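User: I have this one open next to me and would like to talk it through. Could you take my questions as they come?

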Amino acid sequence: MRTEDLITALAADTSSTRTGQDRAWTLAILGSVVLAGLVFFATIGPRADLMAAVQTLRFDFKFVLTLSLALSGFMVLRAAAVPGARVPLRALLIAPVLGFAAVGTELMALPAGVWAMAAVGKNMLVCLTFIPLISLAPVLVLTLALRNGAPTRPALSGALVGLTAGAIGATFYAAHCTDDSPLFVMVWYPIAIALVTAMGAALGRLFVRW
Amino acid sequence: MTPAKDKELSDLMRAVLAGDESGYARLLGDIARLIRPIARRKIGSGAGLDPEDIVQETLLAVHLKRHTWRPEEPIGPWIYAIARYKIIDAYRRRGHRVELDIAAFADTLAGEEKQTVLARDVQRALDCLSDGQRQVVSAIGVEGASIEETAKRLGMKETAVRVALHRGLAAIAAKFGKTD
């Protein structure tokens with residue numbers, strides 16, 4: 001087929017109206033949150049003393065971390081789906097920097113004897129199980145939206161899907177977990193989110209070629 | 001790409017995205033002329049690759065992914081990033097790895113070189129389509145028939161011709177994303 005023939009065929013293909021990027025990502029993020037919420041409330045649900053917990057700084061700060069990671073991940077993901085766009089990877093440092101600052105503060109606030117206990121907590125297996133489980137639907141939905149885009153680095157973009165989905169899962173999970181110390185949060189949440197990130201990268205490599 | 005050329009192509013694409021497709025063939029032709037010299041330079045002989053394949057795969061991608069261009073941004077970087085992705089992808093499909101510096105794309109002027117070889121990849125992909133899709137894509141692309149003429153000739157509804165054309169082109173493009 002000659003290139004001119006291909007151009008003629010392409011120019012005739014005017015009926016194809018693809019979902020715009022803004023709309024696709026909005027639907028994907030809404031779908032992700034709704035599906036993650038359904039899985040969360042159908043399984044572990046929020047902790048019993050939620051009303052008292054929201055009065056405490058440590059509990060609330062978990063959401064500062066997970067939401068800043070989710071928002072920055074989503075922003076970087078959207079850029080990664082556009083060919084030639086600058087991908088502001090450095091924005092991903094916001095949550096880790098906040099997290100390490102909180103760890104430093106916590107180490108000063110707690111006596112050294114209880115550091116290990118705070119970091120190990122009581123919920124690490126629940127954390128490592130349910131953050132990936134709640135994140136599963138968001139990974140799939142966001143991967144679909146990524147396929148609608150045009151990421152020139154499929155594995156990296158898939159990893160960003162996983163990171164964003166993992167942060168959404170972690171946000172819900174944080175409402176369940178009673179281990180509020182930054183020492184716990186900065187050990188087990190990153191491991192759980194890393195699992196989801198690896199899954200997203202694999203899905204991106206396999207299914208987001210275009 | 002000069003700023004003036006970028007503006008010209010951006011204006012054409014904005015019109016296309018707004019529903020005025022009258023300048024679309026001209027836009028795609030200009031993009032082909034921009035990409036061809038880059039593809040020739042990046043794909044030496046012996047790579048088992050035909051530069052014209054890159055041109056065609058880039059055009060298909062530009063077409064199917066045109067909704068990802070942000071109308072407030074210049075279109076040049078978007079086009080070059082797609083071409084670069086398609087060159088890397090073509091090597092990947094043949095089991096090579098290649099690193100391309102995006103800077104190599106930025107200052108390329110559209111060459112006046114003529115197309116000499118027929119691209120093979122798109123032809124092979126076309127051969128893999130269902131009979132109906134292939135007939136529609138060939139009638140419109142190769143023979144230059146309109147949607148209406150194709151519908152009449154093949155005894156199909158016009159909407160069915162449009163769907164077959166779009167699915168056929170999408171299927172051709174999808175063949176290149178596969179690791180084969």
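User: How many helices and strands does chain A have?
Analyst: In this predicted model, the secondary structure of chain A amounts to 9 helices and 0 strands, so that reading along the sequence gives the pattern α-α-α-α-α-α-α-α-α.

User: And what box do its C-alpha atoms fill?
Analyst: Taken along the principal axes, the box filled by the C-alpha atoms of chain A is roughly 75 × 35 × 25 Å.

User: OK, on to the two chains together. How many residues are in contact between chain A and chain B?
Analyst: On the side of chain A there are 36 residues in contact with chain B, and they meet 45 residues of chain B. The two chains bury about 3400 Å² between them, with 63% of that area on carbon and sulfur atoms. Within chain A, the residues that lose the most area to chain B are A:Met1, A:Leu10 and A:Trp210, which together make up 24% of what that side buries.

User: What about salt bridges and polar contacts there, how many?
Analyst: The rule finds 0 salt bridges across the interface of chain A and chain B, whereas the count of residue pairs in polar contact between these chains, both residues being at pLDDT 80 or more, is 10.

User: Which helices of chain A supply that side?
Analyst: Helix 1 (3-12), helix 4 (57-80) and helix 7 (124-148) of chain A each supply at least two residues of the side that touches chain B, and the largest share, 10 residues, comes from helix 1 of chain A. By class, the residues on this side of chain A divide into 17 nonpolar, 11 polar and 8 charged.

User: Switching to chain B, where are its domains?
Analyst: Chain B is divided into domain 1, covering 1-113, and domain 2, covering 120-180. Between them, 14 residues of domain 1 of chain B are in contact with 14 residues of domain 2 of chain B, and the area buried there is about 1100 Å², of which carbon and sulfur atoms give 50%.

User: Which three residues supply the most on the domain 1 side?
Analyst: Those are B:Leu60, B:Leu64 and B:Arg93, which supply 44% of the area that domain 1 of chain B buries against domain 2 of chain B, more than any other three residues.

User: How many salt bridges and polar contacts between those domains?
Analyst: Across this interface within chain B the rule finds 0 salt bridges and also 0 residue pairs in polar contact, with both residues required to be at pLDDT 80 or more. Helix 3 (51-64) and helix 4 (76-93) of chain B each supply at least two residues of the domain 1 side, and helix 3 of chain B gives the most, with 6 residues. That side of domain 1 has 3 nonpolar, 3 polar and 8 charged residues.

User: Last topic: where is confidence lowest and highest in chain B?
Analyst: Chain B averages a pLDDT of 84, and 83% of its residues score at least 70. Confidence is lowest in helix 5 (residues 103-106) of chain B, at a mean of 60, and highest in helix 1 (residues 3-17) of chain B, at 95.

User: Over which residues does pLDDT stay under 50?
Analyst: That is residues 109-117 of chain B, for which the model has 18 contacts beyond four places in sequence. Where pLDDT is low, the predicted coordinates should not be read in detail.

Notes
Residues are numbered from 1 along each chain as its sequence is written. Chains are lettered from A and ligands numbered from 1 in the order in which they are written. This is a predicted model: local features need pLDDT of at least 70, side-chain atom pairs count only at pLDDT 80 or more; totals for chains, interfaces and linings use all residues. Side-chain values use heavy atoms; hydrogens and water are left out. Domain bounds come from an automatic or database domain assignment. Contact means heavy atoms within 4.5 Å. Buried area is the accessible area (1.4 Å probe) that two parts lose on being put together, summed over both. A salt bridge is a side-chain nitrogen of Lys or Arg within 4 Å of a carboxyl oxygen of Asp or Glu. A polar contact is a pair of N or O atoms within 3.5 Å; within protein, one must be able to donate a hydrogen and the other to accept it, and residues adjacent in sequence count only if both atoms are side-chain atoms. Helices (H or I, at least four residues) and strands (E, at least two) are DSSP runs, numbered from the N terminus. Ala, Val, Leu, Ile, Met, Phe, Trp, Tyr, Cys and Pro count as nonpolar, Asp, Glu, Lys and Arg as charged, and the others, Gly among them, as polar. pLDDT is the predictor's confidence in each residue, from 0 to 100.
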